[in-house]
Amino acid sequence: MTETFAVKLEEKCYLPDPRCKAAAWTPDYTRAYQEFMHDPEAFWDQVAHELDWFEPWDRVLEWNYPYAKWFVNGKLNITYNCLDRHVTSDRRDKPAVIWRGEGGEERRLTYDGLYREVMRCANALAGLGVGKGDRVCIYMPLVPEQIVAMLACARLGAVHSVVFGGFGAGALAMRINDAEAKVVITADVGYRRGKTIPLRDIVNEALTHAPCVEKTVVFRRGTPAVDLDPAREVDYADLVARAAPDCPAEVMDAEDPLFILYTSGSTGAPKGIVHTCGGYMVGTYYTSRHDFDIKESDILWCTADPGWITGHSYIVYGPLAVGTTVVIAEGTPDYPDPGAYWRLVQDLGVTIFYTAPTAIRMFMRHGDAWPAKYDLSTLRVLGSVGEPLNPEAFEWYYHRIGGGECPVVDTWWQTETGMHVVTTMIGEAMKPGFAGRAIPGAVVDVVDRTGKPVPPGTGGFLVIREPWPAMLRTVHGNDARYRTYWETIPGCYTAGDLAVKDEEGYIMILGRADDLIVVAGHNIGTAEVESALVSHDAVAEAAVIGKPDALKGNVIKAFVTLRVGANPGDALTDELARHVKKSLGPVAVPAEIEFMDRLPKTRSGKIMRRVLKARELGMDPGDISTLEE
Ligand code: WTA
């Protein structure tokens, strides 16, 4: 790990409309934060009381560093909170899930409809021998049945491991084996950019290396329906149709596992992050409601796939626990054209829109005309997650999509944290480039390698000082790996990200700690240089790596994709170098700039600098199962 380093902060600030602050669930961030700090357990105790439990907890938190138990001895089922409690209220006939297919087909499930589907699916799985504690792998396209399957597992107390439908057979087999899944739920096909993805064939290939699986449940969408192998496969529709309608929710202990989700991000080998029932429910419920400020009439569209943590927490569990309507759409943002998302916002009257910087920069690349064609006036909250939202992208999102009226909630969190940890709460001043401050409920700091806080303007490691309800409990089969999160910097949870705070405690994420480049003794975050490059009109996206250099230790190499209409060439290279020099100073100027058609990314849209670096240096890129196509 590196030492701390100085960061030049330039600040611009947007003040939101005071009316949206007054009406927010958290109308006064500072007060809410003080209340939390005054008595953290009382704060979470109060939130947990807004939900339904079968038996109350004895203690809010038992902290036995680095192991936490939340809502000790509390009994619950998360699906009871996402379904049962709504069907006995006015929300019974409210849409829970609105699905759009790539070709514009639509399906709606009301809370009551979803409730019934989930119970039947749960009974169907129980009929295959799935019970509490068993692991089920869900490898599905983005269809309502993906959500139904997740909730059905949770209903039974089975542990789901959702694997994103874009992964190949090798990555799938590794995840199935690691979790020792008994059943796989899949579909015959998924659709993406008008092409068919043969999910079931991929499962069958994976299963030749995964003997633990007893049955595959296949949701058949294609016509004519594919033939199934009766020895190993069962038809989803058939199984569910034959299942009994009522399935009471299994009584779960707050600390029983809810799911395993594999993460590798842009570095290292996949880790099975384990989340538990009680704390995860409370954390995702609270952050969904308060950070997006969900009101009864809202329609939330989180564009992630349920196969990522963003989908688990902010499509499925958090929003459904709140009782809102969620939109899901199969396909990609620019298919059949770059207006696809905005058309859907207009058609469905989406009010809260949550996406990733990679998508925002892609939209910027296609120009302002696309969003301008559609009525986006129903939008009232815009969210971002996954990577630093560079100021250029913030401005575009805020003005072109939000019409300068919607708060932009840039949420920093991780698969491991389960829930938002840093953001700018609705109604607070927004600073482009800064994610914001710790949410009420989390204690966040920027520290040096000994855990000592660094002053504002000095970059360091982003840490979480105290346990939080939705935190990971372990890494499946590798508890030693879990402990390193809490032992790298003693006493704190180390996120692995670099960050800097300003005088008001706003946090700017500078990128992953392993993405830091030391040039002539200066520490430079890849995100800073990338952000500077992207602030140039011609640039759509940039990825920056360090290259060993005899003289300077490292030099910076930048890989750049251009906006539609921009011309690559020496003139632009020189101009970009001058541009970076002006904003960050001479040490941050890339020694080389290479223009590319596209950048290597993970399937969740994060730039994989490691792959660029390996290519550049002629090294082995390591595990690339997360690389998109
Ligand atoms: C990055 C996604 C800057 C960060 C929820 C983190 C972000 C990793 C932001 C986790 C943000 C996520 N600003 N960087 N708002 N949100 N990241 O596990 O590096 O897929 O550690 O979880 O994404 O990625 P993961």
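Helices (H or I, at least four residues) and strands (E, at least two) are DSSP runs, numbered from the N terminus. With that convention one can say that proline 336 is found in the loop between strand 18 (325-329) and helix 12 (340-348), and that the peptide bond leading to proline 336 from tyrosine 335 is cis, with omega near 0 degrees.

The structure is a predicted model, in which local features need pLDDT of at least 70 and side-chain atom pairs count only at pLDDT 80 or more, while totals for chains, interfaces and linings use all residues. Residues are numbered from 1 along each chain as its sequence is written, and side-chain values use heavy atoms, with hydrogens and water left out.

A second cis peptide bond joins threonine 223 and proline 224, with omega at about -10 degrees. Proline 224 lies in the loop between strand 12 (215-219) and strand 13 (233-235). As background for such cases, most residues other than glycine have a negative phi, and most peptide bonds are trans.

Some residues have a positive phi instead. Phenylalanine 71, which is not a glycine, has a phi near 55 degrees, and it is found in strand 3 (residues 67-72). Is phenylalanine 71 buried or exposed? Phenylalanine 71 has a relative accessible area of 0% and is therefore buried, where buried means under 20% relative accessible area, exposed over 50%, and partly exposed in between (1.4 Å probe, protein chains only). Arginine 193 also has a positive phi, of about 50 degrees, but its place is the loop between strand 10 (190-192) and strand 11 (195-197), and because its relative accessibility is 36%, arginine 193 counts as partly exposed. Glutamate 180, which follows helix 7, has a positive phi near 50 degrees.

Helix 7 itself spans residues 169-179, and its buried residues are Ala169, Ala171, Leu172, Ala173, Arg175, Ile176 and Ala179. The cover over these buried residues includes strand 7 (135-139), strand 9 (183-187), helix 8 and strand 15 (257-263). Helix 8 (residues 199-207) is in turn mostly covered, since seven of its nine residues are buried; among them are Leu199, Ile202, Val203 and Ala206. For reading such lists it helps to know that an α-helix has 3.6 residues a turn, so residues three or four places apart point the same way.

Alanine 149 belongs to helix 6 (residues 144-156), and with a relative accessible area of 0% alanine 149 is buried. Which residues touch alanine 149, leaving aside its neighbours within four places in sequence? The residues in contact with alanine 149 are Cys121, Ile138 and Ile185, where contact means heavy atoms within 4.5 Å. Alanine 149 is also 30 residues from methionine 119 in sequence, while the two C-alpha atoms are 10.0 Å apart in space.

Arginine 289 lies in helix 10 (residues 277-291). This arginine 289 is buried, because its relative accessible area is 15%, and, apart from neighbours within four places in sequence, it is in contact with Trp25, Glu50, Ile294 and Val322. Proline 455, by comparison, has its place in the loop between strand 24 (444-447) and strand 25 (458-464), and it counts as partly exposed because its relative accessibility is 48%.

On a wider scale, the protein is divided into domain 1 (78-250) and domain 2 (520-617), with bounds that come from an automatic or database domain assignment. The C-alpha centres of domain 1 and domain 2 lie 41 Å apart.

The last part of the picture is the ligand. How many residues surround the ligand? There are 16, and the closest are Asp410, Thr411, Thr415, Asp497 and Arg512, where a residue is near a molecule if one of its heavy atoms lies within 4 Å of it. Helix 11 (309-322), strand 21 (408-411) and strand 28 (507-512) each supply at least two residues of this shell. A polar side-chain atom of glutamine 414 lies 2.9 Å from an oxygen atom of the ligand, and a polar side-chain atom of aspartate 497 lies 2.8 Å from an oxygen atom of the ligand. Taken alone, the ligand exposes 530 Å², and the protein buries 91% of that, with accessible areas that come from the Shrake-Rupley method with a 1.4 Å probe.

Definitions and conventions: A polar contact is a pair of N or O atoms within 3.5 Å; within protein, one must be able to donate a hydrogen and the other to accept it, and residues adjacent in sequence count only if both atoms are side-chain atoms.
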